[in-house]
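Hi,

Here is the structure I promised to send over. Have a look at it first, and my notes follow underneath.

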Amino acid sequence: MSKQSHKTYWRSIEARELQEQGVVPEAADEFPGQELVTLGRKVRDHKLGRRKFFGVVGATGAAGLATGCIRKPTEHILPFAKRPEDRIPGKAEYYATANQIGSTVVGLLVESQDGRPIKIEGNPRHENSGGATDAWIQATVLSLYDPDRSVGPMRNEGGELVDTDWGAAGEAIGAALAAAPQGQGVGLVLRDVMSPTMLATIRAFQDKYPKARLFLSDPATDANRRDTAETLIGEGARLSFKIDRATTLFAVDCDFLSTDADHIRLAQEYAVRRHVEKPGDTMSRLYAIEPHFTITGAQADHYLPVTAHRIGHVLMGLARELATVHGAKFDDAINGLITGSPELEGEEAKFVKFLAADLKASADAKNATGVVMVGERQPPWVHALGVAINSAMMFFGRSARAHYQDNAVPMEGLQALAAALGNKAINTVIVLGANPVYDTPGALDIGNLLSQASLVVHAGDSLDDTARIAHWHLPLSHYLETWGDLESSAGTVSICQPLIDPLFDTRSEIEILNWITTGKETAGLDLVQATWREALGNAYSDREWRRWLHDGVAAGVPRSGKAIRVEHWDKAAELVEAGLNTASPEGWELNFHVCPKVIDGRMANNMWLQELPHPMSKLTWDNAVYLSETEASQLGVSNCDLVKVEVGGRSITAPVWIAPGQAPKTISIGLGYGREKFGRHADGAGVNAYPLQAGENPWFVGGAQVTKVVGRRMIYSTQDHGSMHPGVSYTGEDQPDNVGLTYPTRPIVRETTVDGYKKNPDFAQEGDLMAEENLKSLWDHNEGVIGAPELKGIQQWGLVIDLNKCTGCNTCTIACQAENNIATVGRSEIANGRELHWIRLDRYFSGDSSRPQAIIQPMLCQHCETAPCESVCPVNATNHSPEGLNDMAYNRCVGTRYCANNCPYKVRRFNFFNYNRRMDETNGPIQNMVRNPDVTVRFRGVIEKCTYCVQRINEAKIQAHVNGVDVVKDGDIVTACQQACPTKAITFGDIADPETKVAKLRAQDRNYNVLQDLLTRPRTTYLGRVRNPNPDYV
Amino acid sequence: MAVAADKLDPLSGRKDLVEGHPTFHDVTEAVCAPIESPSWRWWVAFLMSLSVLGILGIALAYLFYEGVGIWGLNNPVDWGYAIVNFVFWVGIGHAGTLISAVLFLFRQKWRTSINRASEAMTIFAVICALMFPLVHTGRPWLAAYWLLPLPNQMDIWPNFRSPLLWDVFAVSTYFTVSLLFWYVGLIPDLATMRDRAKTKTRRIAYGIFSLGWRGSNRHWQHYEKAYLILAGLATPLVLSVHTIVSFDFAVSQLPGWHTTIFPPYFVAGAIFSGFAMVLTLMLPLRSWFGLKHIITVKHLENMAKVILLTGTLVGYAYAMEFFIAWYSGNPYESYAFANRLFGDYWWAYWTMVSCNVLSPQVFWFKKARRSVLVLFIVSIFVNIGMWFERFVITVTSLHHDFLPSSWDYYSPTIWDAATLLGSFGLFFTLFCLFVRYLPSIAIAEVKSVMPEADPHHGDDHE
């Protein structure tokens, strides 16, 4: 609610219009050529002039229409008992709720316009959000209006799903459960449960059916980490990280900036220690090893590609180095194993040597710590080793933390599910929210086994793979339609409140499970309130409840307070020993990754995410087999060539994409693609990699064969891949191109090291090809000439992006798309190179492709003061506002595209087709509900581009005017990209006032203009990136 | 083929402009024959052109229905075939006015036999050209009038700083003046057609457009003055139109576009391509319509010389661009030009250089200048080369500009090709109609340069 807290409200549109229009000079424009004196009197005499009259009539009419036609939620879902006085149609309202993906729970504030949730923001009070979100959560609002959502319960009749009703389904399920004594033979398959009410409901189910078994089927959650915690600490224990004080970080196959658990919070905390203001400021140092170059690897100061099989051994080497060289005290149970392990060799030894020294230094330093973060993809023994190192280095409790999830319910894994289905130990399966037919390892063959069960009930939000084999399908409500509660990994509880009544005949998981258990239909709200009434006892009050709803976080939740200690080192030693002795098989290693776009496939029908460029490869609408340049040339394949990947008798054929930084002899594939009959956007996108997964360790498997097969499948990246010449980094040497010509590098991204910054604070400006004083502006001689920029506004808007903080997580792109009604153009149009995103993340590699560095540069309209686009538009459709915005008048644009050609930053986007009509045709009217009414929907033939969220600027200005001031306070305007950014890399504000945050950032010596030499005087500037490599490690 | 010596006019000692000593009447008959009794060849040419024009109709209809997305444009390459074709056609439209106005002012009498057709060519080429800037916009139904400075209640004017707007003025002025110039020149010949007309329709149609021409002394005096004034008006336009078209590129700041050499370079290129197109049209025309004695080999040779000159000028401009790119030390600029030579579009660049710079060099040889076959082949080469020149300028500069992240490849679609092809359909359809209904050679002017026009013709004053 922070966005609203400092606002005052005007009563109605009419009142504001009159207020504004009662000004004489403005009315003077009405009668050009008349004497001002007469005019002034005339206007004063007749308060209701023609213009005012039409203003009033128009506004009243618009208000009438707005209230008349727009879908309104029924009153009872509003969290307020009465409609608040200041509720104005067309005025956004924000409600707090929370979202869960995997084990990551994020508190949210959702913007609702006229009863439609249209935009999701982070809840600043929620520790996992801090006001930020990620691309997935930003896109969930579109999934609410997914045209392929299931709309009502269905029954399988001879392989065909036919409509039915809840009553019939209830009878069938009730009969099946009644026939199962104490739930014998009943299996409940769930996604990860972070909801206290859901846990309570599950326990109620278990009370009634004690012999029923629970299975976890959720590729997006951190099951390996949890298993390790439960083994080492005890049942219900959970591990998480808190890295805001960590000065040395080691990411062990851990993409903690984009896909691993709690990545939004971790990115935020990571950015705290990457904050640099002046030369000499210290920074944290990030080491990363992983088989596939992720954005975490791109952030790392030292990146080493290591195969997934090898990663545990490198970590062992680190433990050994710490124990033998730096005197780390490991528990006796494991110490012998560590000191007795073989020494590392070559680059690994070197890497570990410096890493160990840095970790030791961080452990010893005051007010600092280090952390070893093992990623979910690694098996429990590597996690156990990570816990051991964190404990031995005294990081535990500081940067690595653990807590007990109260009332946790133990769940079995997928192997157990496959075994139980195989030996018919269970034959009645209730799947709640999960989709095990699709997203489970192919080796387990769960789809086949499940289809042989005598009763499969599936509750899901669409007719997915499991729904198609289920006997009964129950539609799930979207999380923005339901009551619920979620507890984050750190124990913060949020109440989830619905933003809108369910659009279809759907129910929430809690409601369904409660209904299955009790046979009674109880509303979600009652169930959630009952949980907390019980938990709080007398402390519960309606007032407290309302406060929780308002704040989005619950205060005063009772905690068990059970002490956390790592006790079972013997078990850790067992795990590690077994892990170390597992032979790594010959052949290719296959790595599977949670996709930074569509997660595990659950968001595959979300066209925003499908069209979102992959953070590293920039691929859209597809996944690919990523492999290194060397391996590709050995295989004789190039991008888009098909390869057959085979392991354990299972194979897929998929296109290749060369990924710099990929570990040798490994391939990586993103999960969640290759859908069939899942949805209109998901179907046909990419290749399904689940069939290749092994049962024991789903995330990587060795001994695979990769062979070239005839044919290609064209896949499309939004950025020219591998095109590195001419170079773009100013630090680099001049790079020769393919014909042997050498060009000076392009100073587009500017970076240095901590030491380099100390030696040369002006490194960012020195990238300029020519000093500003040597440049002559076209406009200098032409002051007062028509068209010369006149920046007379009181406030001058500007935006600064800190390249040091940008991780390239893509959140801003989706936030912008949601805020600004940016159309998706579809796979074929991406193939034509016509993506429409207003903010894109340019990714540049440098160095050797086997061990590269990467830098990400968000690129959006630079709002140049002397904008090259403005002078060339023949119809004056793009102009400068007095406040320095490069405005676009869509109505006036005729689409010559000259502006786009003349934009040196290439940020202008063209509607080559009527993309919005195409979307309407594909999706039907439901998708229109996601549109932001404050932003024009663009027609075919019109250029569009970043506006600095001009609708938000104007809203804040209106508020300021209503408050009787001319100046908007710093921080009152937050652009959509800025708001969503987890690392706060984007700052927007008034650059005319030297006291604002943005002005101070612009004054930093790291501040530079991209393409300064064109003297476009951009309002978007960048702070050069500072890397922090170990100075001794070359 | 041996190089034949031209016959000399016995009086002036210069080469004969009309060969075989025809009488005035013979000339009229020869020029009017294709109009009054068209051969089957005309029908073949016309129907072919008309069907290609049909392709244009389909391409444009689909374009208006779907939007410019049907073309191969993408994010960095926002201008493609449409702009290439526009500049190409405007360039072609240069020769006509040059021949009629500039050569007229310089008293180049040999122009008389080719000026009518080349002016017609100019007008049709400009019509083709004018079509493209309009249809290439995203919303042509608005562009059609928002680009014009029409007073409106919103007080919104076009942006007078935009070179695209200058284009609108430059090309439309050029079109208007060229049309007037052409029409004024036609009046005496229209009167001839009127007088020879055998049907009522023809009599009325030619009658209206000949504006009551009777060939009186007063008429001739007014006519000559008007013609001279229009020639004077048209001459600067020859230079200005392509200068302003080149501003579309030169005024922007894209590497490869932002070049001060563009105005003269474009003008030279335009004359170059215009003459090539005149040759392409004249060679079949003189042969099919039996006008070889009026459009003589000497005329062709003169045009070949102009092509050689302008082609070499264009070659110089190409070289100079590279020098400046290197000399500037600007990494974007030098990359843009290296990219032309060796980048993704190397084939377009080398096609352009071979066609425009290398192929005209055969005209150093007189034998080649006088060979109809060589002339025709080279003229086709130059047409191709000049189209590619515009393609190279437009596309290679756009596809790789400042930020490598945006780089992409442009490949045209079938609709791009259809529009280009269709524009030729429009051009040739108009040209066919022209040769069918209007005298394709300025009868009156040709007569004026024949020996008979000289009052002392036949008198022996020796």
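**A small sheet, then the core**

Val110(A) sits opposite Ile120(A), which belongs to S3(A). This is a predicted model, where local features need pLDDT of at least 70 and side-chain atom pairs count only at pLDDT 80 or more, while totals for chains, interfaces and linings use all residues. Residues are numbered from 1 along each chain as its sequence is written, with chains lettered from A and ligands numbered from 1 in the order in which they are written.

Strand S2 (residues 104-113) of chain A is joined to S3(A) by six bridges, and the two run antiparallel. (Strands are DSSP runs of E, at least two residues, and helices are runs of H or I, at least four, numbered from the N terminus; two strands pair if DSSP finds at least two bridges between them.) The open sheet has three strands in the order S1-S2-S3 (chain A), with antiparallel pairing. S1 (93-101) and S3 (116-122) of chain A are at the edges with a single partner strand each, so one side of each has no neighbour in the sheet.

On to the core. Chain A has 1034 residues, and 57% of them count as buried, meaning that 20 or more other C-beta atoms, placed from the backbone, lie within 10 Å of a residue's own. The largest nonpolar core (buried Ala, Val, Leu, Ile, Met, Phe, Trp, Tyr and Cys joined through C-beta atoms within 7 Å) has 445 residues, and Val252(A), Ala319(A), Met373(A) and Val625(A) touch the most other members. Helix H3 (residues 81-105) of chain B gives this core its largest share, 16 residues.

Cheers

Note on methods
Buried ≥ 20, exposed ≤ 12 C-beta atoms within 10 Å, placed from the backbone.
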